[in-house]
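Let's take a stroll through this structure together, one stop at a time. Have a look at it first, and then we'll start with a small detail of the backbone.

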Amino acid sequence: MVSTANSHLLDARQMARFCSDGLIVLEDLVPQELNEAVYHDELTVQPQGYEFWNSSEAIRRVFDLPQVKGVIESLIGRNYVYDHSFLHTVKPHISKSQNWHVDSGVMNPNPHNFDIQAFYFAHDTPIEMGPTLVLPGSQLRRANYWSISRYKNIEGQRHLAAKAGTIAFMHQDIWHCAQPNRTDRTRYVFKIRLNAVEQQRNLFNTDGYDDPEVREILKTHYPWYGSDWQKEYYQRLEFWRFLVGNDYIWKKR
Amino acid sequence: MTMKRQQILFLCLVNPELSSKTIAWALYDGASGADDSRMETGDSEVPPYGSVLDAMRDGWKVIQAPQLPYFVHGHENETGHLPWEYMLEREVEIHG
C-alpha cells in the first residue's frame with residue numbers, strides 16, 4: 001500500500017483541535033471543478049441516498065484526493081473500512097429541524113477508538129440553508145442516539161456554515177442535528193462513515209505534540225461544560241495521550 | 001371559551017445552584033399548534049432566562065430538580081448528559 005505523503009497528514013495543532021472539539025473543518029480541500037461535478041450529480045443522478053456513492057464517479061474521486069486521504073489516514077489509519085454513506089438533503093422552505101442525536105444506538109465502549117464521519121459540502125451552504133449543527137467538545141460524553149433529543153439549544157453550538165469544497169471530519173460520538181432550510185434551493189451534504197480497524201496511535205504528523213501551543217488548544221473551554229469542565233479536560237488529556245502514544249505526558253503523579 | 005394549557009421549560013445550569021447561569025434550554029408549549037416551529041434546535045443563541053431563579057421571578061414554577069449524583073469509584077470522571085437540568089411549568093389560557 002502506498003503511504004500518504006507526510007505533507008498531507010494532519011499536524012499536531014490540527015489533531016489537538018480534533019481532540020478538543022471532536023471535529024476538524026477544512027476549507028478549500030476539494031477543487032472547485034470537482035465540487036461542481038459532484039453538485040451536478042447531486043442534482044441529476046439516481047439512485048441517491050445510500051446509493052449516491054455508487055451513482056456518482058465524482059464523489060468517489062473526492063475521497064481519493066491525496067489531501068482528503070491524508071486527513072482520513074491521520075485519524076483512522078490506512079486500513080480503514082467503508083461503513084456506509086448517504087446523500088442528505090433538506091428540501092427548500094423546511095422550517096422544522098432535526099433533534100439532537102449521536103449517530104449510534106450502541107454505546108462506543110472506548111471513545112479513544114473511534115470511527116469518523118466526513119461531511120462534504122459540494123455547494124456553498126450558508127446558515128439560512130441549514131448546515132449541520134454540532135456541539136463542539138461533546139464527543140467524549142456518554143450519550144447514545146436520541147438520549148439527548150430533549151435539548152433544543154446549547155450554549156456553544158456551532159452551525160457548520162461552509163463554502164463549497166469544505167469537509168468536516170467528525171468523531172463518531174459528536175452531538176449534532178440537521179437544520180431548517182429557509183432558501184428556495186435544496187441543501188445537499190454528503191456523509192460518509194469510515195471504520196477504524198487499527199489502533200489509532202501516532203497516525204498523524206506528531207512533531208511538536210507537546211508544544212505549549214498544543215496544550216493551549218487542548219485547554220479549549222466550552223461554556224456549556226459548566227461544573228464538568230475539569231472532568232472534560234481530564235478526559236481530553238487522556239485522549240491526547242492515547243493519540244500521541246505517550247501515556248505519561250502532562251500527567252500528575 | 002377559555003381553556004388552560006401547560007408549558008414546560010427545561011433549563012440546564014452550570015451547577016445545581018438555582019441562580020447559576022443557563023447553558024441549555026428547551027420550551028415545550030402545550031398552547032402551540034402542531035405546525036408551530038418555535039423552539040426548534042439551533043434557533044437561538046440566547047436563553048429565555050439567565051437562570052432558574054430569573055424564570056421563577058417571571059412566574060414559572062419549578063416542578064423537578066436534578067438529583068445530586070453519587071460518584072461511583074472508577075467512573076467519577078465520566079461525563080454524559082447535562083447534569084443540572086431543571087423542569088419548570090406554567091399554565092397559560094387559550095381561547096377556543
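Where in chain A does Pro47(A) lie? Look in the loop between helix 2 (32-44) and helix 3 (52-55) of chain A, and you'll find Pro47(A) there. Keep in mind as we go that this is a predicted model. What makes this loop worth a stop is the peptide bond from Gln46(A) to Pro47(A), which is cis, with omega near -5°. For background, most peptide bonds are trans, and most residues other than glycine have a negative phi.

That second habit of backbones brings us to another pair of stops. Tyr145(A) isn't a glycine, yet its phi is positive, at about 45°. To find Tyr145(A), go to the loop between strand 4 (133-134) and strand 5 (153-154) of chain A. Is Tyr145(A) buried or exposed? The answer falls in between: Tyr145(A) counts as partly exposed because it has 13 C-beta neighbours inside 10 Å, and a residue needs 12 or fewer to be called exposed.

Trp250(A) is also not a glycine, and here phi is positive too, at about 55°. This tryptophan sits in the segment after helix 7 (229-244) of chain A. Trp250(A) has 11 other C-beta atoms within 10 Å, so it counts as exposed.

Now for some strands. Chain A has an open sheet of three strands, in the order 6-4-8, and the pairing is antiparallel. At the edges are strand 6 (158-159) and strand 8 (176-177) of chain A, each of which pairs on one side only. In general, strands of a sheet pair through backbone hydrogen bonds, either parallel or antiparallel. If you zoom in on strand 4 and strand 6 of chain A, you'll see that they run antiparallel and are joined by two bridges. For Leu133(A), the bridge partner in strand 6 of chain A is His159(A).

Let's hop over to chain B. What pattern does chain B follow along the sequence? Reading along, you get β-β-α-β-β, which fits the count of one helix and four strands. Chain B is more spread out than a compact globule, because its radius of gyration is 16 Å, well over the 12 Å that the globule rule gives for 96 residues. The C-alpha trace of chain B spans about 60 × 25 × 20 Å along its principal axes. Of the 96 residues in this chain, 21% count as buried. Chain B also has contacts that link distant parts of its sequence: among those between residues at least 6 apart, 67% join residues at least 24 apart.

So where do the two chains meet? At this interface, 21 residues of chain B are in contact with 33 residues of chain A. On the chain B side, strand 1 (2-13) and strand 2 (22-29) each supply at least two residues. Strand 2 of chain B gives the most to that side, with four residues. Sorted by class, the chain B side has nine nonpolar, nine polar and three charged residues.

Strand 2 of chain B has one more thing to show us. It pairs with strand 5 of chain A in the antiparallel sense, over two bridges. Look for Asn153(A) there, and opposite it you'll find Trp25(B), in strand 2 of chain B. Strand 5 of chain A may ring a bell, too: the loop that holds Tyr145(A) lies between strand 4 and strand 5 of chain A.

Key: Residues are numbered from 1 along each chain as its sequence is written. Chains are lettered from A and ligands numbered from 1 in the order in which they are written. This is a predicted model: local features need pLDDT of at least 70, side-chain atom pairs count only at pLDDT 80 or more; totals for chains, interfaces and linings use all residues. A residue is buried if 20 or more other C-beta atoms lie within 10 Å of its own, exposed if 12 or fewer, and partly exposed in between; C-beta atoms are placed from the backbone. Two strands pair if DSSP finds at least two bridges between them. The radius of gyration is taken over C-alpha atoms; the globule rule is 2.2 Å times the number of residues to the power 0.38. Two residues are in contact if their C-beta atoms, placed from the backbone, lie within 7 Å. Ala, Val, Leu, Ile, Met, Phe, Trp, Tyr, Cys and Pro count as nonpolar, Asp, Glu, Lys and Arg as charged, and the others, Gly among them, as polar.
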